[in-house]
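Open the model in your viewer and keep the selection box handy. We will go from stop to stop, and at each one you will hear what to select and what is there.

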Amino acid sequence: MTMHTREAGGTPLVALTDISISFGGIKAVDHASVDLYPGEVVGLLGHNGAGKSTLIKILSGAYKRDTGSIKINGEEVRIENPRDAKDYGIETIYQTLALADNVDAAANLFLGREKLTRWGTLDDVAMEADARRVMGRLNPNFRRFKEPVKSLSGGQRQSVAIARAILFNARILIMDEPTAALGPQETAQVGDLVKQLKGDGIGIFMIDHDIHQVFDLCDRVVVMKNGQVVGTANVKDVTKDEVLGMIIAGKCPAGAVPGPGAVKD
Amino acid sequence: MSDTSHQPAKTTTTATTPQEGMLTSFLRKTEIDQRLLGMVGALLLIWIGFHVYGQIANGFGAFLTPRNLWNLSVQTASIGIMATGMVLVIVTRHIDLSVGSILGFSAMVMAILQVRVLPDLIGIGHPMIWVITVVAGIAIGALVGAFHGYLVAYLAIPAFIVTLGGLLFWRGMSYMLARGETISPLDQTFSLLGGGPFGSVGATVSWVLGIVACLGIAALIIAGRSQRKRFQFPLRPLWAEWFLGLVGSALILGFVVLVNSYPWPVGIVRQYAEATGITVPEGGLFISHGFAIPVLILIVVGIAMTFLATRTQFGRYVFAIGGNPEAAELAGINTRWVTVKIFALMGALCGLSAVVASARLNSATNSLGTLDELYVIAAAVIGGTSLAGGVGTIYGAILGAVVMQSLQTGMILIGFDAAIQQIVVGSVLVVAVWLDTLYRGRAK
């Protein structure tokens, strides 16, 4: 498999171009353009309400955009609902985790894509076996496969949400604050996982408020403010302080490519 | 896992933890639901209470007799069938107030079909009349339910309002259909579906069904065990499997003995003897009722609905939607279409229930099914279905229906009048939900 990396000038895995969406007259996302290459981790940064999660939900099919185009491997695609997104190999770990609290881990992992026996009934045993396998990779101490996820700890719930996203061989992974509920050790595990997935050629969009973690894991950052893109930069070309300046003041430093939201001086 | 690391020299991994009592350990190992046990206990209390009260107040305990319990089983059927569907409706955080009216409407359609339409088309007493009628009744119910579901899912009208409208609408429609008349008598074969001496399967068939059910339990236990072995998952202890199998079989065979020890009334036996030309011996002829057909219908519905709720993708989606509608939508489930299917299924069960209810009365009246919605919802809720959504079981709802019917029957037997019956049923519903809230609060 050839890797169309950004440096090689290949086709982006995902290209979101000129995306806008309004809710009741408020432009939540305003002509934003972002792209993502295979094996790349792109951090989306910005204040609460900057439009990061909304932009990402357009890609994952939870919201329908007003304008703009989505291209995957250079081809224009229609994403009308979460099912369409999953068909294109886009998996999402939502900030709210989006778990059905009353059913167990295996049922959540396979929700919407259940394994069936040859009689068309649920193959719970096979699903539990797969769940044990993937959870063993993420969280080896996890034992509570028979309990509803409501009774699990925050970290365990988060690992269920992450396991669901990687179970189906995603090509594009969206992580909306994936480590928000995790302790230091689990956060490190997620970091290792991200590097491993990256090595497999998966493209990852990551929303995170922890600037250190972003610099540690991401190749590029995209900063948003008031629904607009302030700028895009390789993490090698900018300092943490410069990125904080982009987030807070909307100032685009020399090492970054300015977007429509950059403050002009 | 509870933390027992401070305990020195733990020898076995499955040992009872010190703070766990005998009963809790027993329940955990057999995987018996505590709530189920509580409901069975409450039911026994009601039964024994009414029986003893009858003995003291009237000098005769009429409750725990084969005759009463057999009748109880027949009377439970109609509400029980609908309660299994109501579980799915309530689990998805909806409600259906129109079930009684849908029942009345489809009963009226079926009555007109079998009494006024079909005899003209294919002849009076044609053996296909009951089949066509039943299929039509269930289909009418399903269509009405699907229409309600469409309004709820795609037009986003709250289910409470849609089905409140439906409650009035379909009651009015059934009045319009027959201009308020009662249609009776119904087709002879059709009326067997309501039970009665001829609408029961008799002693031999009851024994056969009972034994088949016992073998079914054994097969389920063995299949479950081998499945879990195949993937090397933890197994229930062997004694627990035996215990569950034996208790289950004992209950089934006990039920068979019960329905077989209720004989046909003397008058019916005489009619039957005259019709078939056998002579009745000196001491009378003992002909067992066996299982009534509506009870068998309820059991089949219960098994089918349990299968649907726990073993199919549809059932999984129903519970996931109830637990977190947004998550279900984000997981790619077409939640609207599932909602339509749930209401359609509820409607179909109302149609089936209409078969049982009208066949039992051998007529369709304009008031058939009035207030049923309340008993059905009460049965589901008493059976542990949470109005907050996401939680509920089919067997619970059927047990809930038995509890509701036991209360009513018991109060009639000991001579309470209608006003007191309503007061008691209303209070029981509220208290049951309160106890349930307490239980859930403690379980957290």
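Start by selecting I19(A) and A32(A): A32(A), in β2(A), is the bridge partner of I19(A). Before you move on, note that this is a predicted model, in which local features need pLDDT of at least 70 and side-chain atom pairs count only at pLDDT 80 or more, while totals for chains, interfaces and linings use all residues. Residues are numbered from 1 along each chain as its sequence is written, chains are lettered from A and ligands numbered from 1 in the order in which they are written, and side-chain values use heavy atoms, leaving out hydrogens and water.

**The sheet in chain A**

Now colour strand β1(A), residues 14-23, together with β2(A): they pair in the antiparallel sense over seven bridges. Strands here are DSSP runs of E with at least two residues, helices are runs of H or I with at least four, and both are numbered from the N terminus; two strands pair if DSSP finds at least two bridges between them. At V14(A), look across to L36(A) in β2(A), which stands opposite. The two strands form a hairpin with two residues between them, and G24(A) in the turn has a positive phi of about 55°.

On to β4(A), which pairs with β1(A) in the antiparallel sense over five bridges. Select S20(A) and you will find T67(A) of β4(A) opposite. In what order do the four strands of the open sheet run? The order is β2-β1-β4-β5 in chain A, with antiparallel pairing. The edge strands, β2 (26-36) and β5 (75-76) of chain A, each pair on one side only. Add helix α1 of chain A, residues 52-59, which packs on the sheet and touches β1, β2 and β4 (67-72) of that chain. The direction of α1 makes about 115° with that of β1(A); the angle is taken on a 0 to 180 degrees range between N-to-C directions, using lines fitted to C-alpha atoms, for helices over the stretch in contact.

**Salt bridges**

Next, show charged side chains: the structure holds 20 salt bridges over all chains, each a side-chain nitrogen of Lys or Arg within 4 Å of a carboxyl oxygen of Asp or Glu. Pick R220(A) and D35(A), which meet in one of them (3.1 Å, N to O). R220(A) is in strand β9 (residues 220-225) and D35(A) in strand β2 of chain A, 185 residues apart. Is R220(A) buried or exposed? R220(A) is buried at 5% relative accessible area, while D35(A) is partly exposed at 24%; buried means under 20%, exposed over 50%, and partly exposed in between (1.4 Å probe, protein chains only).

Then select R132(A) and E128(A), whose side chains meet in a salt bridge (2.7 Å, N to O). They are separated by about one helical turn because they sit four residues apart in helix α4 (residues 124-138) of chain A. Add K146(A) and R228(B) to see a network of salt bridges linking them with E128(A) and R132(A).

**The cores**

Finish in chain B with W47(B), one of the residues with the most contacts inside the largest nonpolar core, which has 95 residues. Such a core is a set of buried Ala, Val, Leu, Ile, Met, Phe, Trp, Tyr and Cys residues joined through side-chain atoms within 4.5 Å. Helix α3 (residues 66-91) of chain B gives the largest share, 13 residues. A second, separate core of 52 residues includes F142(A) and M206(A).

Notes. Contact = heavy atoms within 4.5 Å.
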